[in-house]
Amino acid sequence: MSGLKETPIPASQQASASASLHAAMLELCRVHKRFGGLHAVNDVSFKVAPGSIKAVIGPNGAGKTTLFNLITGNLPVTSGTITFRGQQVQGKKTHQIARLGMARTFQNIKLFHGMSALECVMVGRHVQSRSGFFAGMFALPSTWKEERAIRARAMELLDLLQIADLANAEVTSLAFGQQRAVEMARALAADPALLLLDEPAAGLNIYETAEVARLICMIRDMGITVLLVEHDMSLVMDISDEIVVLSFGSKLAEDTPAKIQKNAEVIKIYLGEDDES
Amino acid sequence: MINRQRLSLAALCLVTVGLHLFTMLTGTEFYLTQLTMAAYYGLVIIGLGVLMGYAGQISIGHAGFFAIGGYLAAALTTSNLAAFQTVWAVRWLSGLGLLATGQDIYGAPLLTVTPWAACVFAVAVAALVALVIGVPVLKLKGHYLAMATLGFGTIIYRIFLASPYFGEADGISEVPGFILLPALGGFGPLVINGDAAHRVLNFYMAWGVLILGMGLLVNLINSRVGRALRSLHSSEEAAEASGVDTARFKLQVFVLSAVYAAVAGVLLTHFNGGIGPSEASVMKSVRYLALVAVGGMTRLWGTLIMGVGLTFLSLRGVFGTYDDAVFGVILIMVMLFAPEGILSLRLKPLFQRLFLGARS
């Protein structure tokens with residue numbers, strides 16, 4: 001990673017005025033999500049401090065992905081509040097929340113088929129640009145400058161993720177790890193304040209996982225708050241400032257990695273009940 | 001990328017002049033009439049091409065928007081308001097200069113809406129209808145959206161077919177020419193009508209409109225909005241997460257393609273001097289859809305070429321009374337052998353497969 005350019009990314013300019021430095025970047029308060037009789041997310045509350053890396057862990061079916069979908073507005077909450085940068089966002093649409101400075105990656109990569117890697121990342125720049133239908137159709141001079149800026153920023157990010165040479169390759173033709181990188185670049189292109197990563201190391205080998213760990217720390221150092229869901233415990237323990245443990249939709253524990261590793265209840269849900277002694 | 005598109009537009013201008021020269025040299029200037037009509041239909045097809053190919057939203061009701069444009073233009077420019085001259089609304093319209101006076105064939109006074117005013121009104125109504133229909137319907141996806149737009153097309157067809165104001169099964173005839181620009185200096189008026197004397201002029205106007213329409217769409221698909229449309233086609237979830245207001249963009253492109261269809265309807269109706277209910281029929285919508293597919297969904301140039309080309313052949317009567325059947329066959333063949341459009345075909349391997357048995 002020696003060739004990396006440490007480009008500072010300004011946090012999204014659309015910060016709400018009420019979000020002071022002391023307030024949480026993201027705050028969940030008694031969030032519930034029910035699917036019929038199933039409590040997928042049950043009374044979960046936690047805060048994500050600005051500039052930190054927070055991880056959500058838990059066994060399969062614990063409600064991690066549902067939680068992500070609630071935060072991003074993909075699913076409506078049943079009850080409870082989600083406050084992002086001082087604004088309540090439950091009930092808002094996904095694109096509105098994205099506009100407030102939230103970006104994400106997906107567990108099962110969702111890139112745009114038929115686009116080049118560069119174009120995909122340029123779509124990520126959507127919230128930081130404004131040309132509309134009319135300007136686009138008439139190719140107004142105002143769009144030229146914006147288009148150049150979008151392209152330049154997208155190239156910069158591909159460079160940052162060391163895939164600049166693949167800029168013009170069709171995204172579906174790329175290898176898995178490269179697709180992950182394009183997705184990350186697309187999310188970063190929004191200049192987000194909060195980045196949600198849904199299993200960023202899934203399907204990657206240990207070297208690639210180490211790269212991802214370094215990348216996430218670098219993103220944090222740029223001033224972007226990171227919330228991730230991950231199964232790879234070594235990754236989570238290495239980089240997280242704090243960890244939330246979910247089990248059957250409820251919050252089981254919330255602490256620093258060192259303390260989580262010693263938490264008896266967490267060990268129990270991961271290793272099973274010790275029924276020998 | 002964008003420069004290649006500009007070159008293609010320039011090439012299309014050359015093709016236009018080339019077509020005119022060809023008909024002049026071969027003494028087949030009567031072809032220009034069908035070429036003019038094909039260009040207007042081409043406008044519908046490229047508008048639908050952006051909706052379907054780029055934004056990934058299907059519509060089997062676009063003949064409806066074409067008909068709204070055409071019928072309203074026809075009805076407004078032929079309804080005689082002379083008897084209502086004293087009504088305040090008519091006086092008000094007249095005061096705004098939106099009415100034209102004339103005489104019918106018996107010398108009776110004729111008071112009608114001017115083609116410009118009728119055109120603006122007709123296109124605005126089509127846009128409004130697209131907006132009102134689009135808000136609920138575009139929430140649907142795939143088959144459901146197809147069925148809903150089919151329903152819309154059927155409703156519009158039956159309305160025009162049933163209402164006496166729109167001439168029922170006869171449609172509306174004797175629609176006057178559309179004077180785009182009055183006579184200026186040494187130039188005659190720029191008028192859209194079917195007079196043989198204006199044939200060459202009309203051919204250039206129609207192709208000019210088509211080239212302009214194409215240029216605007218080419219700009220659009222290479223813009224930020226174009227990328228957003230393509231992104232929502234591929235993954236609405238990821239597009240939303242990137243901040244793309246998918247519902248709004250879908251609606252906007254739906255309205256845009258409806259406007260293209262309505263403009264084509266207005267202009268072709270003035271050129272033909274009338275419009276009939278067959279223009280609103282579902283078969284027409286299916287044909288537009290087939291032509292977009294033949295051209296290759298995501299290839300706007302392919303859509304343009306195949307759309308105008310096949311429409312021209314159809315208008316010349318090359319497919320005879322089997323016209324609609326031919327388009328059905330074309331649709332099936334394209335889906336089987338060239339789902340990405342005819343122009344994507346590599347012909348040699350195809351012929352090998354068809355005639356020499358599978359080789360590879």
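Helices and strands here are DSSP runs, with at least four residues for a helix (H or I) and at least two for a strand (E), numbered from the N terminus. Keep in mind that this is a predicted model.

**Figure 1. Chain B as a whole, with its 14 helices and six strands.** The radius of gyration of chain B comes out at 21 Å, close to the 21 Å that the globule rule gives for 360 residues, so chain B is as compact as a globular protein of that length. Laid along the principal axes, the C-alpha atoms of chain B fill a box of roughly 75 × 55 × 40 Å. Buried residues make up 46% of the 360 in chain B. Take the contacts in chain B with a separation of 6 or more, and 77% of them turn out to link residues 24 or more positions apart.

**Figure 2. Helix 11 meets helix 12 in chain B.** Two packed helices are described by the angle between their axes and the distance between the axes. For helix 11 (residues 282-295) and helix 12 (residues 300-315) of chain B, the axes come within 7 Å and cross at roughly 130 degrees. That makes the two helices oblique to each other, and their crossing is right-handed. On the helix 11 side, the residues to look for are Leu291(B), Val292(B), Val294(B) and Gly295(B). Helix 12 answers with Gly302(B), Thr303(B), Leu304(B), Ile305(B), Met306(B), Gly307(B) and Leu310(B). By type, the residues of this contact split into seven nonpolar, four polar and no charged.

**Figure 3. A close-up of Leu232(B), in helix 8 (residues 224-234) of chain B.** Is this leucine, Leu232(B), buried or exposed? With 27 other C-beta atoms within 10 Å, Leu232(B) is buried, because the cut-off for that label is 20 or more. Leaving aside residues up to four places away in sequence, Leu232(B) touches Ala55(B), Ala239(B), Val244(B), Thr246(B), Phe249(B) and Lys250(B). Don't hunt for His20(B) in this view: 212 residues away along the chain, its C-alpha atom is separated from that of Leu232(B) by 41 Å.

**Figure 4. Where chain A touches chain B.** Here 30 residues of chain A are in contact with 24 residues of chain B. Three helices of chain A, namely helix 2 (94-99), helix 3 (117-124) and helix 4 (133-137), each supply at least two residues of the side that touches chain B. Sorted by type, the residues on that side of chain A are twelve nonpolar, 13 polar and five charged.

Key. Residues are numbered from 1 along each chain as its sequence is written. Chains are lettered from A and ligands numbered from 1 in the order in which they are written. This is a predicted model: local features need pLDDT of at least 70, side-chain atom pairs count only at pLDDT 80 or more; totals for chains, interfaces and linings use all residues. Axes are lines fitted to C-alpha atoms, for helices over the stretch in contact, and angles run from 0 to 180 degrees between N-to-C directions. Angles under 35 degrees count as roughly parallel, over 145 as roughly antiparallel, 65 to 115 as roughly perpendicular and the rest as oblique. A crossing is left-handed if the near helix is turned anticlockwise from the far one by less than a right angle, and right-handed if clockwise. Two residues are in contact if their C-beta atoms, placed from the backbone, lie within 7 Å. Ala, Val, Leu, Ile, Met, Phe, Trp, Tyr, Cys and Pro count as nonpolar, Asp, Glu, Lys and Arg as charged, and the others, Gly among them, as polar. The radius of gyration is taken over C-alpha atoms; the globule rule is 2.2 Å times the number of residues to the power 0.38. A residue is buried if 20 or more other C-beta atoms lie within 10 Å of its own, exposed if 12 or fewer, and partly exposed in between; C-beta atoms are placed from the backbone.
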